[in-house]
Amino acid sequence: MIAAGHPFAPPSHEQRWIDTATELAAEFAKTAAEYDESAELPLANLQALHASGLDVALLPAEYGGESLSYRSFGTIVRLLGAACPSTACIWVMHIGAATGLVTRSTPDVARFYADELIAGRRFANALSEPTGGNLFLMPLQHAAPVPGGYELTGAKRFASGCEIADHFLINALVDGQPAFFGLAADPSTMAYIPIWDTMGLRASRSQLIEFTGTLLRADRLCPPSTGPHPNHIGAGLAFLSLGIADAAVTALVAHARKRVIPTTGKPLAEMQWLRFEAADVHTRLEAAGMYAHHMCWLADQNSADFIPATMRAKQLANVIAVDAAQLAVRVGGASAGYLRSSPIERLFRDAQAGGLMAYSVEVCKDVIGAGLLAD
Ligand SMILES: Cc1cc2nc3c(=O)[nH]c(=O)nc-3n(C[C@H](O)[C@H](O)[C@H](O)COP(=O)(O)OP(=O)(O)OC[C@H]3O[C@@H](n4cnc5c(N)ncnc54)[C@H](O)[C@@H]3O)c2cc1C
């Protein structure tokens, strides 16, 4: 974790929220394996986060929140990601959709969504499309004009926590242009298709949603964006992976200290190969963490540099999560890294998701590389 007082660290007056998240995370860690096994939504965890006041603290002050900094938000997601990655994933999407609707909507609609979040309603993102894949901000599905708004028939894929969502942040083409809407869950025109039998992040239940003539209300259309702004999904996803990496390093260190190799009579931790590899993972994790905190600092300055920084931060964090979990499997061996009863095995599966989620590691690299090499 970044040292207190560092400019990239959470502001000291927000420390109580970090303490709150630390306490909640300790509880969430106890049930993470059960939720993974059952692939049930960790509703109790999400309700505990809301009851703690954290959801509301993230709202802008003018809407009843505390405008909690991105530096604190990232730190909190990292703590949750280490404890229960599925909870952290759904929470990032919930906060991202809610604050996105509050900050992108007209004042009256923003007030409505802020009040809904304060009241404990749940939010999710329905952005990815089956054909669009990673390019989730460039919808391919058209919403046709009808009285009162626009009608959408189509599908959105991998909407984390959608089955318990009251409201969605959704996008579609309107007059050929991408547009965002707030959408209330509508059981008469929306169906959740249970595709989510996955390798990892199983309790995030990121299902497919089918829309059949769903009304996207004109008065819930977000006005055109005035430019790139920080957002909690872009900021949060790097920290989800960093949390998984933290948990993998903790698990591998614990096992390496405990496991005595019979031929040497010494713990695995004293093997030079492991020291080299552990140092490599640790150093890259520190660097990825420092860069992610820098990205949040940029968000707190409302800097346009935030957007490219999210790509660098996400790529670094996604890759180190996979590498840390891979090393943990090797250190754990079959008995502590490969059996289904091992927490390392779950972390290895969970670690794969970050790099697949938009923007994937490859998309991030393509954008960064293209920018670097352009004339
Ligand atoms: C755990 C999880 C939770 C999610 N939660 C949500 C959610 O709440 N809401 C939501 O809207 N979406 C969500 N998603 C969807 C996610 O953000 C992506 O949009 C989606 O996974 C992309 O589709 P795909 O995985 O089929 O990959 P594809 O986009 O088909 O990618 C397949 C391969 O092609 C590569 N690729 C694709 N496009 C390019 C490109 N332009 N340049 C270079 N390489 C490229 C990718 O890197 C990958 O290697 C979630 C996904 C996961 C895994």
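This report looks at a ligand and its surroundings in a predicted model, then at two backbone details.

## Ground rules

Residues are numbered from 1 along each chain as its sequence is written. In this predicted model, local features need pLDDT of at least 70 and side-chain atom pairs count only at pLDDT 80 or more, while totals for chains, interfaces and linings use all residues; side-chain values use heavy atoms, with hydrogens and water left out.

## The shell around the ligand

The ligand has 19 residues around it. A residue is near a molecule if one of its heavy atoms lies within 4 Å of it. S128, N134, F158, S360 and E362 come nearest. By class, ten residues of the shell are nonpolar, seven are polar and two are charged. Here Ala, Val, Leu, Ile, Met, Phe, Trp, Tyr, Cys and Pro count as nonpolar, Asp, Glu, Lys and Arg as charged, and the others, Gly among them, as polar.

Strand β3 (149–159) and helix α11 (361–373) each supply at least two shell residues. The largest share, three residues, comes from β3. Helices (H or I, at least four residues) and strands (E, at least two) are DSSP runs, numbered from the N terminus. Domain 2 (123–220) and domain 3 (232–373) both give residues to the shell, so the ligand lies between them. The domain bounds come from an automatic or database assignment.

## Polar contacts and burial

A polar contact with the ligand is a pair of N or O atoms within 3.5 Å. An N or O atom in the side chain of E362 is 2.7 Å from a ligand oxygen. A polar backbone atom of N134 is also 2.7 Å from an oxygen atom of the ligand. For L127, a backbone N or O atom lies 3.0 Å from a ligand oxygen. Taken alone, the ligand exposes 970 Å², and the protein buries 71% of that. Such areas come from the Shrake-Rupley method with a 1.4 Å probe.

## Two backbone details

The peptide bond from A358 to Y359 is cis, with omega near -15 degrees. Y359 lies in the loop between α10 (343–356) and α11.

A39 is not a glycine, yet its phi is positive, at about 55 degrees. A39 sits in the loop between α1 (15–38) and α2 (43–51).

How values were computed. A polar contact is a pair of N or O atoms within 3.5 Å; within protein, one must be able to donate a hydrogen and the other to accept it, and residues adjacent in sequence count only if both atoms are side-chain atoms.
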